Amino acid sequence: MVSFHGSQTTSSTATLTHSPIYHAIIQAGPRLKPLQQVHARITVTGSGRSRSLITKLLSFAYAATSPISYTRALFFSIPNPDTFLFHSLITLTSKFKFPQESLLYYRRMLLANISSSNYTFSAVIKSSADLMTFSIGKTIHCHVLICGYGLDTYVQAALVSFYAKSGHVGIARKVFDKMPDRTVVAWNSMISGYEQNGFGKEAIGLFHLMRDSGVKPDSATFVSLLSACAQVGASGLGCWVHEYIARNNFDLNVVLGTAMINMYSRCGNVIKAREVFYSIKEKNIVAWTAMISGYGMHGHGSHALELFSEMRVNGPQPNTVTFVAILSACAHAGLVNEGRRIFASMRQEYRLEPSVEHLVCMVDMLGRAGHLNEAYQFIKDMPKEPAPAVWTAMLGACKMHKNFDLGVEIAEHLLSFEPENPGHYVMLSNIYALAGRMDRVEKVRNIMIRNRLKKEVGYSTIDVDQKVYLFSMGDKSHAETNQIYQYLDELMGRCREAGYIPASESVMHEVEEEEREHALRYHSEKLAIAFGLLKTGPGVPIRIVKNLRMCEDCHAAIKHISVIANREINVRDRLRFHHFKDGSCSCRDYW
């Protein structure tokens, strides 16, 4: 390498020092020193206009994540850039995560009246997805069709990924269905798109279609599929994936392993999650955090703390996500003192500033444990106006510990911030009802009706023989509805004989007692459990996933069902896992 001030002619050096690219090189600083020297050599020897050399130089610059000012100046130093240079730049910038630059060069290419290739289109579509620029992506899709690349395999796969990442899974599926030749990349994009947008059941259905089509899955397929299994609680398929990976000698890398930890944890098998965790050779912070989170959602706070301590000694340094996981574990296990110490260590030891998620965990932890005054003071001491999620955690604690006066105050405060959130109205209505203020209950519900606000619909899923079944309250869409309802009626009758008393204050305070009990009986989790008991053999655990928090009545009823049916029943609700066995729950009524 020659230094920037090598022995060159005076005229060449003068020309160089007055050029914009010279100043861009100087401003780039020491990070680019080797590249600067190469560029200087090219320029002063008269090769600065060689497109092939400049293209190679740009590729090195983007690979080294060079300053944008330098790379742009380098590009603008080339007169009349040709097709090869534009295509190379667009592909490079997309590959090395410079999406804005990729779209800039694409626009320049259009202005230069240079045609795109399938690789160029694939790159700019990916850049649009990375930037979440839906309108630009749609425009590029129009360009694709005009230029005749509408049926190109690579371009279609990029479009599927773009629409899925943008949240338009319906359009993504239309593009996918029109593909004449679907590669594993295209299948992965569509499966991942479904999973990332919350359509776990559709992702699983598409995977079965992929297998029927004879396309072999790869590691990327299984990462998305395991996440979909975790989403809907499809433990049977998740176990099949684990067996397939072992049988076909897949490398259990940290990405695939972490997806498996998450799947087992969220499907109720924390023991298998731990086995997978310790089988991963090189564990990163994501794997450690996934395992800590898994312990936390199952109420194993002490195990979460042990693993957190182990990580601080032998693993990577915890990040903000890790602290959310461990603080949540402390909250669900009532480990208040430990939680206080860990929260303090964020700033003191790791110089990490708590975010909204950490503040919510602290309020939740203090509130659950009954320290309402401390939780309220913690909120008041926050330097900025607390986020609605913080107040929501406080409101939940007020309802749990029946502090109705404070609960009403907080609920009304919340509504001033988020007047369109139906969940706040429902919580306020429940607190008024529990406090016996039926006039206020009616007023709140009238406001919801007037503003057309609806409570989120609850549903429960159950996995039987690798097929996921969904139930909602009072659902009669199932082919075996009569049998399910008859069995559930018998089951609840036996529960009443065993001492179960319906928590009729949980619902519909304006209707008669008999109607309330009828409404409670057919909650989605009870229907799913009845179906599971009918369709599985003696001793087989029942695993349910619910999208909302389980109500007090269902929690009480399932304790009795676990005894009457002699089954272990696992329910994952929005907040945590409940393991029911022999009439008791793992949460110890602390949720």
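How far apart do the end C-alpha atoms of residues 183–217 lie, and what percentage of the span is helix? In this predicted model, the two end C-alpha atoms are 10 Å apart, and the span is 74% helix and 0% strand. The chain as a whole has 31 helices and six strands. Of its 591 residues, 50% count as buried. Among contacts in the chain with a separation of 6 or more, 62% are between residues 24 or more positions apart.

**Annotated repeats**

- An unreviewed UniProt entry places the feature "repeat: PPR" at residues 183–217, 284–318 and 319–349.
- For residues 284–318, the end C-alpha atoms lie 10 Å apart.
- Residues 284–318 are 77% helix and 0% strand.

**A pair of packed helices**

- Two packed helices are described by the angle between their axes and the distance between the axes.
- Helix α16 covers residues 254–266 and helix α18 covers residues 285–297; they pack at an angle of about 5°, and their axes are 9 Å apart.
- Angles under 35 degrees count as roughly parallel, and α16 and α18 are therefore roughly parallel to each other.
- On the α16 side, the contact is made by Val254, Thr258, Ile261, Ser265 and Arg266.
- On the α18 side, the residues are Val286, Ala287, Ala290, Met291, Gly294 and Met297.
- The residues of this contact between α16 and α18 comprise seven nonpolar, three polar and one charged.

**Layout of the sheet**

- The six strands of an open sheet are arranged in the order β2-β1-β3-β4-β5-β6, and their pairing is mixed.
- Strands β2 (467–472) and β6 (584–585) stand at the edges; each has a single partner strand, so one side of each is left without a neighbour in the sheet.
- In a regular strand the side chains alternate between the two faces of the sheet.

**Pairing around β1 and β3**

- Strand β1, residues 459–464, pairs with β2 in the antiparallel sense over six bridges.
- Within this pairing, Thr461 stands opposite Leu470 in β2.
- Strands β1 and β3 also run antiparallel, joined by three bridges.
- Ser460 has Lys546 in β3 as its bridge partner.
- Four of the five residues of β3 (residues 542–546) are buried, so this strand is largely enclosed by the rest of the structure.
- With strand β4 (residues 569–572), β3 pairs in the parallel sense over four bridges.
- Ile542 stands opposite Ile569 in β4.

**Pairing around β5 and its hairpins**

- Strand β5 spans residues 577–581 and is mostly covered, with four of its five residues buried.
- Four bridges link β4 and β5, which pair in the antiparallel sense.
- One bridge partnership here is that of Asn570 with His579 in β5.
- Strands β4 and β5 form a hairpin, with four residues between them.
- Strands β5 and β6 pair in the antiparallel sense over two bridges.
- Lys581 stands opposite Ser584 in β6.
- A hairpin is also formed by β5 and β6, with two residues between them.
- In the turn of this hairpin, Asp582 has a positive phi of about 55°.

Notes. Residues numbered from 1 in each chain as written. Predicted model: local features only at pLDDT ≥ 70, side-chain atom pairs only at ≥ 80, totals over all residues. Heavy atoms only, no water. Axes fitted to C-alpha atoms, helices over the stretch in contact; angles between N-to-C directions. Parallel < 35°, antiparallel > 145°, perpendicular 65-115°, else oblique. Contact = heavy atoms within 4.5 Å. Nonpolar A, V, L, I, M, F, W, Y, C, P; charged D, E, K, R; others polar. UniProt positions renumbered as here; feature names shortened; annotations may be inferred. Pairing = 2+ DSSP bridges. Buried < 20%, exposed > 50% of the residue type's maximum accessible area, 1.4 Å probe, protein only.
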